[in-house]
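Student: Can we go through this one together? I'd like to see how each label gets earned.

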Amino acid sequence: MKCLRCGGEMTSGPEDVEYGDAGLPNVTLLGVDVSRCASCGELEVEIPRIEELHRAIALAVASARARLSGIEVKFLRKYLGYASKDFAGTIGVSQETVSRWENDKETIGPLADRLLRLMVFRQRPIEEYPTEKLADVAQDPPRRPKIYVRSIKDIWQAQAAG
């Protein structure tokens, strides 16, 4: 294989590599395929199944006993697929609060910390979410809408009336 930078010959083999793409300073990928150019030092890392990799990292971060650091809050928020404003609205805090957590200006509180971890454990990253609906949550007085649930081909489907 030829180096894209200088045209030199690349050699490949398994190596341990610091994974900075996660935004976390403490992630090392063990035994991944790495190609190196002997001439210019160019490095190419092959990372298969990146979504599974990010899920594994998110679960490891969420499983740690210590309170989440700012960089971990930011990684988990991004892993879940939220913009900071929408994440703040989802968990019921201000965007400024999320910013303070992520920049280590303020420590995330224990309830928000647990909620974020629970979100990581219980849901897959979202690709699309109804942000316009989140602004209306908890604005109206409590009510109990009728919920209709049916099984279609062994899959439960629920729909709230009204």
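Tutor: Start with Arg 77, and keep in mind that the model is predicted. Beyond its neighbours within four places in sequence, Arg 77 is in contact with Tyr 82, Ala 83, Ser 84, Phe 87, Val 98 and Glu 102.

Student: What makes those residues contacts of Arg 77?

Tutor: The cut-off is heavy atoms within 4.5 Å. Val 98 and Glu 102 are among the residues in contact with Arg 77. As for its place, Arg 77 sits in helix 2, residues 70-80.

Student: Why is Arg 77 called buried?

Tutor: Buried means under 20% relative accessible area. Arg 77 has 7%, so buried is the label.

Student: And Thr 107, how do you know whether to call it buried or exposed?

Tutor: Exposed means over 50%. Thr 107 comes out at 54% relative accessibility, so it counts as exposed. Thr 107 lies in the loop between helix 4 (95-102) and helix 5 (110-122). Leaving aside neighbours within four places in sequence, Thr 107 is in contact with Arg 67 and Trp 101.

Student: On to the sheet. Why do strand 1 and strand 3 count as standing at the edges?

Tutor: The open sheet has three strands in the order 1-2-3, with antiparallel pairing. Strand 1 (10-18) and strand 3 (43-45) each have a single partner strand, so one side of each has no neighbour in the sheet. On average, neighbouring strands here are turned by 35° against each other, direction ignored.

Student: How do you know that strand 1 and strand 2 pair?

Tutor: Pairing takes at least two bridges. Eight bridges join strand 1 to strand 2 (residues 28-37), and the two run antiparallel. One of the bridge pairs puts Pro 14 with Asp 33 in strand 2.

Student: What is the span of helix 1 compared with what's expected?

Tutor: Helix 1 (residues 50-63) has 14 residues and reaches 20 Å from first C-alpha to last, close to the 20 Å expected at 1.5 Å a residue. Its buried residues include Leu 53, Ile 57 and Val 61. Strand 2, helix 2 and helix 5 are among the elements covering the buried residues of helix 1.

Student: What describes the packing of helix 1 and helix 5?

Tutor: They pack at an angle of about 145°, with axes 10 Å apart, and the crossing is left-handed. By class, their contact has six nonpolar, one polar and two charged residues. On the helix 5 side, Arg 117, Val 120 and Phe 121 take part.

Definitions and conventions: Residues numbered from 1 in each chain as written. Predicted model: local features only at pLDDT ≥ 70, side-chain atom pairs only at ≥ 80, totals over all residues. Heavy atoms only, no water. Helix = DSSP H or I, 4+ residues; strand = E, 2+ residues; numbered from the N terminus. Buried < 20%, exposed > 50% of the residue type's maximum accessible area, 1.4 Å probe, protein only. Axes fitted to C-alpha atoms, helices over the stretch in contact; angles between N-to-C directions. Expected span 1.5 Å × (residues − 1). Left-handed = near helix turned anticlockwise from the far one by under 90°. Nonpolar A, V, L, I, M, F, W, Y, C, P; charged D, E, K, R; others polar.
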